[in-house]
Amino acid sequence: MLPLNSQKAIFSAEETAVIRFALNIFLQTDFSGLTSKQEETKAKNSAKEIIDKITANINDFKFRELCVMAGAVDNIISLIDDGETFGISKTQLDNCKFFLPSVKQKLIELVK
């Protein structure tokens, strides 16, 4: 039985790759001035745990982890909209643009 604060989340391989990419960008982002160092550290630790879960094919996520994923996905959408390419190929960027909206919608549904 799942703990009350866990949620099953099923993502396709492509969606999982986009989430992992968004989390890796999130880990490299400096949030100075936007939040406390303590909150930034907690969020980044959660991001690392999520990446570990994804790598281990575990799909049970705590509410906080879903929120971190949603924030990372929202962040990368904004960066792409602002013209950021992250040094990846056009094909990879196009894949991100294609899958990000569905990932964001799934995450929104999961945190409701």
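Buried means under 20% relative accessible area and exposed means over 50%, with partly exposed in between; the legends below use these words for a predicted model.

**View 1. Residue S78 in helix α3 of the predicted model.** The side of the scale on which S78 falls can be read from its relative accessibility of 37%, a value for which S78 counts as partly exposed. For a sense of distance across the model, S78 may be set beside K8, a residue 70 places away in sequence, whose C-alpha atom is 27 Å from that of S78.

**View 2. Helix α3 along its length, with the residue that comes just after the helix.** With 19 residues, α3 reaches 27 Å from its first C-alpha to its last, which is close to the 27 Å expected at 1.5 Å a residue. The buried residues of α3 are E65, L66, V68, M69, A72, V73, I76, I77 and I80, and several of these names recur at spacings that a general property of helices helps to read. An α-helix has 3.6 residues a turn, so residues three or four places apart point the same way. Just after α3, G83 takes a positive phi of about 100°.

**View 3. Residue F86 in the loop between α3 and α4.** Phi of F86 is near 60°, a positive value in a residue other than glycine, and a general rule gives the background for this entry. Most residues other than glycine have a negative phi. At 21% relative accessibility, F86 counts as partly exposed, since the range called buried is under 20%.

**View 4. Helix α2, its buried residues and what covers them.** Helix α2 comprises residues 37-55, and these 19 residues should span 27 Å at 1.5 Å a residue, which agrees with the 27 Å between its end C-alpha atoms. Buried in α2 are E40, A43, K44, S46, A47, I50, I51, K53 and I54, and the elements that cover the buried residues of α2 include α1, β2 (60-62) and α3 (63-81).

**View 5. Residue N57, which follows helix α2.** N57 is found in the loop between α2 and β2, and its phi is near 60°, a positive value in a residue other than glycine. Is N57 buried or exposed? At 70% relative accessibility, N57 counts as exposed, because the cut-off for that word is over 50%.

**View 6. Helix α4 and the kink at F99.** Helix α4 runs over residues 90-111, and its 22 residues reach 31 Å from the first C-alpha to the last, close to the 32 Å expected at 1.5 Å a residue. A kink of about 35° lies at F99, shortly before the proline P101. The buried residues of α4 are L93, C96, F99, L100, V103, L107 and L110, so that F99, the site of the kink, is itself among the buried residues of the helix.

**View 7. The packing of helix α1 against helix α4.** Two packed helices are described by the angle between their axes and the distance between the axes. Helix α1 (residues 13-28) and α4 pack at an angle of about 90°, with their axes 9 Å apart, and that angle makes α1 roughly perpendicular to α4. On the α1 side the contact is formed by E14, E15, V18, I19 and F21, which meet N95, C96, F99, L100, S102, V103 and K106 in α4. By class, this contact has 7 nonpolar, 2 polar and 3 charged residues.

**View 8. Residue L93 in helix α4 and its surroundings.** L93 counts as buried, because its relative accessibility is 11%. Leaving aside residues up to four places away in sequence, L93 touches I80, E84, T85 and I88. The C-alpha atoms of L93 and V18, which are 75 residues apart along the chain, are separated by 9.9 Å.

Definitions and conventions:
Residues are numbered from 1 along each chain as its sequence is written. This is a predicted model: local features need pLDDT of at least 70, side-chain atom pairs count only at pLDDT 80 or more; totals for chains, interfaces and linings use all residues. Side-chain values use heavy atoms; hydrogens and water are left out. Helices (H or I, at least four residues) and strands (E, at least two) are DSSP runs, numbered from the N terminus. The expected span of a helix is 1.5 Å times one less than its number of residues. The bend at a residue is the angle between axes fitted to the seven residues ending there and the seven starting there. Buried means under 20% relative accessible area, exposed over 50%, partly exposed in between (1.4 Å probe, protein chains only). Axes are lines fitted to C-alpha atoms, for helices over the stretch in contact, and angles run from 0 to 180 degrees between N-to-C directions. Angles under 35 degrees count as roughly parallel, over 145 as roughly antiparallel, 65 to 115 as roughly perpendicular and the rest as oblique. Contact means heavy atoms within 4.5 Å. Ala, Val, Leu, Ile, Met, Phe, Trp, Tyr, Cys and Pro count as nonpolar, Asp, Glu, Lys and Arg as charged, and the others, Gly among them, as polar.
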